[in-house]
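Trainee: I'd like to learn how to read a helix in a model like this one. Can you walk me through it?

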Amino acid sequence: MSCAGAELRILFSPGRVQLVQEELLVGVPRVLVTGATGLLGRAVCREFHSAGWTVTGTGYRRARLRLLRCDLTDEDAVRGLLHEYKPDVIVHCAAERRPDVMERHTEAAVNLNVHATSTLAKEAATCGALFLYISTDYVFDGRNPPYGEDDSPNPLNVYGRSKLEGERETLRHCPGAVVLRVPVLFGEVESVTESVVTSLYLKVQEASEESCTLDHVLQRFPTDARDVAAVCRKLSERARQDPSIRGIFHFSGKEQMTKYEMAVAIAQAFNLPSGHLIPLTEQPAASALRPINSQLNCCRLELLNLSVEPRPFTSAIIDCLWPFTPDKRWRQTVFH
């Protein structure tokens with residue numbers, strides 16, 4: 001294969017991001033992943049890397065050695081980044097995702113979720129890159145599920161409103177963009193508390209202490225970030241070939257669970273007691289209102305053969321949490 005020369009490039013490889021002298025092969029697609037230090041961003045980087053893409057990842061506060069540090073709210077920095085790395089695809093994972101935090105720190109969060117998204121969408125359109133924006137089921141109020149891509153959004157909190165505004169900015173400035181709405185995520189976490197799903201493991205471990213109440217009202221559809229990453233790759237590959245692949249798509253796990261049910265499932269998966277877990281049947285007090293049931297209808301992806309079969313919750317949560325068990329050999333002793 002002919003080469004277009006060599007240059008210094010930030011490349012993702014499993015477990016690390018490395019700076020290498022790379023021969024830029026003609027025809028090898030390039031993807032820029034924002035929020036590459038986060039749960040979804042890391043999964044997206046791994047997925048594209050495994051499929052043979054050249055991957056450039058950006059971060060900011062959690063940026064590590066050899067990961068590009070970029071303030072996405074700085075328009076000049078974003079413009080320079082895209083001009084230098086010339087991606088074919090931009091997967092925009094960076095966001096403030098904590099609804100209660102957003103209620104208290106609205107301006108900074110909106111700068112990232114809305115204004116930075118707007119800048120990226122504009123620059124993607126200018127440089128001809130496919131722009132894939134990660135959004136949320138929280139754009140819906142949860143009163144009449146399941147929700148299709150064309151159903152009217154009605155977010156209940158600042159987080160949902162900011163992500164909906166990010167969708168609108170994306171499609172306004174970059175009409176060929178793809179918006180992918182997803183629900184609550186878990187996956188290969190760096191700490192148990194990185195996801196609200198995996199953090200339930202800490203509640204499960206409190207069996208020797210007092211009882212623990214957990215929400216048993218809000219219906220969730222926990223979704224593995226690895227599955228979302230695979231959908232992002234499939235969408236990107238198809239959209240580069242077929243300009244009709246644009247607009248809004250939904251992807252979600254299929255298992256409907258409250259936090260209480262997730263915690264019980266985690267306890268059962270690890271053969272731990274769950275009798276101390278108490279279902280709370282009144283909606284818990286929180287800074288941000290949350291939808292009761294914002295289930296996503298994912299038919300559009302499925303009809304286009306762009307979806308993946310979601311991993312079963314039990315096997316996926318074991319994959320994610322076994323490194324945090326007291327005995328790291330637990331997985332081998334149970335399954336082998």
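**Two faces of a helix**

Mentor: Sure. This model is predicted, and we can begin on the outside: in H2, Asp-76 and His-83 are exposed, on the other side from the buried residues.

Trainee: Which residues of H2 are buried, then?

Mentor: Val-78, Leu-81, Leu-82 and Tyr-85 are the buried ones. Looking down the axis of H2, you'd find these buried residues within an arc of 90 degrees, so they line one face of the helix.

Trainee: Why do residues three or four places apart point the same way?

Mentor: Because an α-helix has 3.6 residues a turn.

Trainee: At what angle do H2 and H4 pack?

Mentor: About 30 degrees, with 10 Å between the axes of H2 (residues 75-85) and H4 (residues 106-127). Their crossing is right-handed.

Trainee: And which residues of H2 and H4 meet?

Mentor: From H2 come Glu-75, Val-78, Arg-79 and Leu-82; from H4 come Thr-119, Leu-120, Glu-123, Ala-124 and Cys-127. By type, this contact of H2 with H4 has five nonpolar residues, three charged and one polar. Notice that Val-78 and Leu-82 are buried and also take part in the contact with H4.

Trainee: Where is the pLDDT below 50?

Mentor: The general idea: where pLDDT is low, don't read the predicted coordinates in detail. Here the protein has a mean pLDDT of 87, with 87% of its residues at 70 or more. Residues 1-23, though, are below 50, even if the model gives that stretch 61 contacts beyond near neighbours in sequence. Residues 332-336 also stay under 50, with three contacts beyond four places in sequence.

Key
Residues numbered from 1 in each chain as written. Predicted model: local features only at pLDDT ≥ 70, side-chain atom pairs only at ≥ 80, totals over all residues. Heavy atoms only, no water. Axes fitted to C-alpha atoms, helices over the stretch in contact; angles between N-to-C directions. Helix = DSSP H or I, 4+ residues; strand = E, 2+ residues; numbered from the N terminus. Left-handed = near helix turned anticlockwise from the far one by under 90°. Contact = heavy atoms within 4.5 Å. Nonpolar A, V, L, I, M, F, W, Y, C, P; charged D, E, K, R; others polar. pLDDT = per-residue confidence, 0-100. Buried < 20%, exposed > 50% of the residue type's maximum accessible area, 1.4 Å probe, protein only. Arc of directions from axis to C-beta.
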